[in-house]
Amino acid sequence: MTQLKRSSILRMALSGSETMNQDEHEESFILRALRIAVVVALYWFVSITMVFLNNYLLDNRELDAPLFITFYQCVVTVALCWLMQLFAKLCPGVVDFPSVRFDVKTSREVLPLSIVFIGMITFNNMCLKYVGVAFYTIGRSLSTVFNVLLSFIILKQTTSFQALICCGIILGGFWLGVDQEGLAGSLSWSGVFFGVLASAFVSLNAIYTKKVMPAVDGSIWKLSFYNNINACVLFLPLILVFGEVGKVASFSGLTNLRFWGMMTLGGVFGFAIGYVTGLQIKFTSPLTHNVSGTAKACAQTVIAVVYNSSSKSLLWWTSNMMVLGGSSAYTWVKSREMQKSTQGGPQDSAKEKLLSGEKEDPGV
């Protein structure tokens, strides 16, 4: 009888422990899923808002000064980096941001990337200025194709046949989108030209980032700090050469607080996109981040079409689906190739390679 009681008590205790562990597991899963959902939603909100906000600023007919607008956003990013450092010192347990002191030698090492960075954000904004948000996904869709091409030319890296097929789908979607936009009478060849240049510079930016990372101890925030400081200096002569000083000086809204508020907000969102991108990758994976970015681009296009009350043909939507589908397939193919190459070992290094080479640029 005593043995029976002991076994019954032990069984009850074990079953209770299993129930508690199962409940805790379910609770942790729900919390984890909720956290991921919040992070993805935050990334979508910041990224989509930033695109529409930049389109609003660049579409200002009274102020045709895209270089000045981009320069100001770089200034805001540098100021926010200093502010985040201050908060990190005052609240070390709450804010995590590396301490950065400006070093001329490091700035010089980052300079080649900064030149590419200027081209990337400038051409990105010029594309957005001329094509609008609805066609923006198509106009800027060739970054993956340029990534394959430039990786072969600069890094001597070959690409698999499956990945090349994905690039072919993207190219087909791009040309179909240009054709449909032309038939609709809303095609801007200037926007397409700047979109192609922006795509090329996005790929160059990814390649040069790999080379420059050791100079900033692998810190993406240090890189952002030096990149934007260099950009602020390099933008000044460009603003003078392209005659934007006179345009800014004669702008009637120069003393308008709402204008500067929107300009500053654009800079804040430009800074925030780097943070939420890193956050999404941290809580999911580089592959999930790319899939999320593709879905976000699709949602962004739909929102733009609905907002502008536009009517698009079936082939126009097909071109978007080809671009987005090809980009997603390319990401999946590359991730599978990286997993095979690591042979189940250091998967983190594969993730880092995917992140540095395939991630969405901050201008998107």
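Q: With a relative accessibility of 0%, does Cys-127 count as buried or exposed?
A: This is a predicted model, where local features need pLDDT of at least 70 and side-chain atom pairs count only at pLDDT 80 or more, while totals for chains, interfaces and linings use all residues. Residues are numbered from 1 along each chain as its sequence is written, and side-chain values use heavy atoms, with hydrogens and water left out. Buried means under 20% relative accessible area, exposed means over 50%, and partly exposed is in between (1.4 Å probe, protein chains only). Cys-127 has a relative accessibility of 0%, so this residue counts as buried.

Q: How does Cys-81 count, buried or exposed?
A: The value to look at is again relative accessibility, which is 0% for Cys-81. Cys-81 therefore counts as buried.

Q: How many disulfides does the structure hold?
A: A disulfide is a pair of cysteine sulfur atoms within 2.5 Å. By that rule, the number of disulfides in the structure is zero.

Q: How many helices are there in the protein?
A: Helices (H or I, at least four residues) and strands (E, at least two) are DSSP runs, numbered from the N terminus. The count of strands is zero, and the count of helices is 13.

Q: What percentage of the protein's residues is buried?
A: The protein has 364 residues to consider. The buried part of them comes to 47%.

Q: Among contacts between residues at least 6 apart in sequence, what share joins residues at least 24 apart?
A: Contact means heavy atoms within 4.5 Å. Counting contacts between residues at least 6 apart in sequence, the share that joins residues at least 24 apart is 84%.

Q: At roughly what angle do helices H3 and H8 cross?
A: Two packed helices are described by the angle between their axes and the distance between the axes. Axes are lines fitted to C-alpha atoms, for helices over the stretch in contact, and angles run from 0 to 180 degrees between N-to-C directions. H3 covers residues 104–131 and H8 covers residues 220–241. Their axes come within 8 Å, and the crossing angle is roughly 65°.

Q: Which word describes how H3 and H8 lie to each other?
A: Angles under 35 degrees count as roughly parallel, over 145 as roughly antiparallel, 65 to 115 as roughly perpendicular and the rest as oblique. H3 and H8 are therefore roughly perpendicular.

Q: Is the crossing of H3 and H8 left-handed or right-handed?
A: A crossing is left-handed if the near helix is turned anticlockwise from the far one by less than a right angle, and right-handed if clockwise. The crossing of H3 and H8 is right-handed.

Q: How many charged residues are in the contact of H3 with H8?
A: Among the residues that make this contact are Val-110 and Phe-117 of H3 and Tyr-226 and Leu-234 of H8. Ala, Val, Leu, Ile, Met, Phe, Trp, Tyr, Cys and Pro count as nonpolar, Asp, Glu, Lys and Arg as charged, and the others, Gly among them, as polar. The contact of H3 with H8 has 13 nonpolar residues and seven polar ones, while the number of charged residues is no more than zero: there are no charged residues.

Q: How does H2 lie relative to H10?
A: The axes of H2 and H10 (residues 257–283) come within 8 Å and cross at roughly 60°. That makes H2, relative to H10, oblique.

Q: How many nonpolar residues does the contact of H2 with H10 have?
A: H2 passes H10 in a right-handed crossing. The residues that meet include Cys-81 and Met-84 in H2, and Trp-260 and Phe-271 in H10. The contact of H2 with H10 has no charged residues and five polar ones, and the nonpolar count is 11.

Q: How far apart are the axes of H2 and H3?
A: H2 and H3 pack at an angle of about 125°, and they are therefore oblique to each other. Among the residues in their contact are Pro-66 of H2 and Met-126 of H3. The distance between the two axes is 10 Å.

Q: Which residues does Ser-99 contact, leaving aside its neighbours within four places in sequence?
A: Ser-99 lies in the loop between H2 (66–90) and H3. At 52% relative accessibility, Ser-99 counts as exposed. Its contacts, with those neighbours left aside, are Gln-85, Lys-89 and Lys-222.

Q: What is the C-alpha to C-alpha separation of Lys-282 and Val-39?
A: Lys-282 is in helix H10 and is exposed, with a relative accessible area of 64%. In sequence, Lys-282 and Val-39 are 243 residues apart. In space, their C-alpha atoms are separated by 9.7 Å.

Q: What value is phi of Asp-217 near?
A: Most residues other than glycine have a negative phi. Asp-217 is in the loop between H7 (189–212) and H8. Phi of Asp-217 is positive, near 60°.
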